[in-house]
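Subject: Structure handover

Hello,

Please find the structure below. My notes on it follow.

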Amino acid sequence: NNQKLMAEYEKYQELQAKSQRMQEEYERQLTAKSESHKQALREQTEQYETKLHEKIGQLEAAHDEMRQTMRIHEETKKQIEEDADREILDIKNMYERRLREEKEGNMRLTGETGIMKKKFKSQEQEIEALNLISTT
């Protein structure tokens with residue numbers, strides 16, 4: 001009886017030790033899994049943060065490039081507008097100069113025509129006077 005009781009007690013002790021070892025193993029595995037999960041989460045977070053920084057850098061570079069392109073476009077547009085304005089002004093000045101020269105030429109010709117008419121009339125009168133003299 002005593003021996004049976006002792007055997008049962010030893011069996012109980014072994015089962016309790018086995019249960020304790022299983023509990024410790026379970027907790028060790030749980031801790032290991034938790035650490036593994038935390039490590040995986042840290043690595044994934046780090047990986048996404050790295051990708052996020054890369055994408056932010058790419059986006060900033062694209063914005064810089066777009067701003068530079070816009071500046072170049074605006075400068076080119078401004079230059080074209082200035083060139084067009086200058087060309088229009090040059091053409092306007094050229095035609096105004098031509099118009100002024102034509103007006104001056106017309107005035108000169110009008111003056112010369114008046115002189116020629118006077119000379120012609122004077123010549124006609126002279127011819128008439130000579131004709132009168134020669135007919136008398």
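The accessible surface of the protein chain (Shrake-Rupley method, 1.4 Å probe; for residues, only the protein chains shown count as cover) is about 13,300 Å², and carbon and sulfur atoms hold 56% of it. This is a predicted model, in which local features need pLDDT of at least 70 and side-chain atom pairs count only at pLDDT 80 or more, while totals for chains, interfaces and linings use all residues. Residues are numbered from 1 along each chain as its sequence is written, and side-chain values use heavy atoms, with hydrogens and water left out.

Overall form: the protein chain has one helix and zero strands (DSSP runs numbered from the N terminus; helices are H or I of at least four residues, strands E of at least two). Helix 1 covers residues 2-135. The C-alpha trace spans about 195 × 15 × 10 Å along its principal axes. The radius of gyration (over C-alpha atoms) is 57 Å, against near 14 Å for a compact globule of 136 residues, the globule rule being 2.2 Å times the number of residues to the power 0.38. Of the 136 residues, 1% count as buried (under 20% relative accessible area; exposed is over 50%, partly exposed in between; 1.4 Å probe, protein chains only).

Charges: there are 25 positive and 30 negative charges, with mean positions 2 Å apart. Lys and Arg count as positive, Asp and Glu as negative, and His and the chain ends are not counted; each charge is placed at NZ of Lys, CZ of Arg, CG of Asp or CD of Glu.

Salt bridges (a side-chain nitrogen of Lys or Arg within 4 Å of a carboxyl oxygen of Asp or Glu): the structure holds five, including these three.

- Glu25 and Arg28 pair with their closest N and O atoms 2.4 Å apart. They are separated by about one helical turn because they are three residues apart in helix 1. Glu25 is partly exposed at 32% relative accessibility, as is Arg28 at 46%.
- Arg86 and Asp83 pair at 2.6 Å between the closest N and O atoms, and both lie in helix 1, three residues apart. Arg86 is partly exposed at 42% and Asp83 at 35%.
- Arg108 and Glu112 meet at 3.9 Å, N to O, four residues apart in helix 1.

Surface patch: Glu74, Glu75, Glu81, Glu82 and Asp85 form a patch of negative charge. Patches take residues with over 30% relative accessible area and no salt bridge, like charges being joined within 9 Å. Glu74 is partly exposed, at 40% relative accessibility.

Regards

Technical notes:
Patch = residues over 30% accessible without salt bridge, like charges linked within 9 Å, V, L, I, M, F, W, Y side chains within 5 Å.
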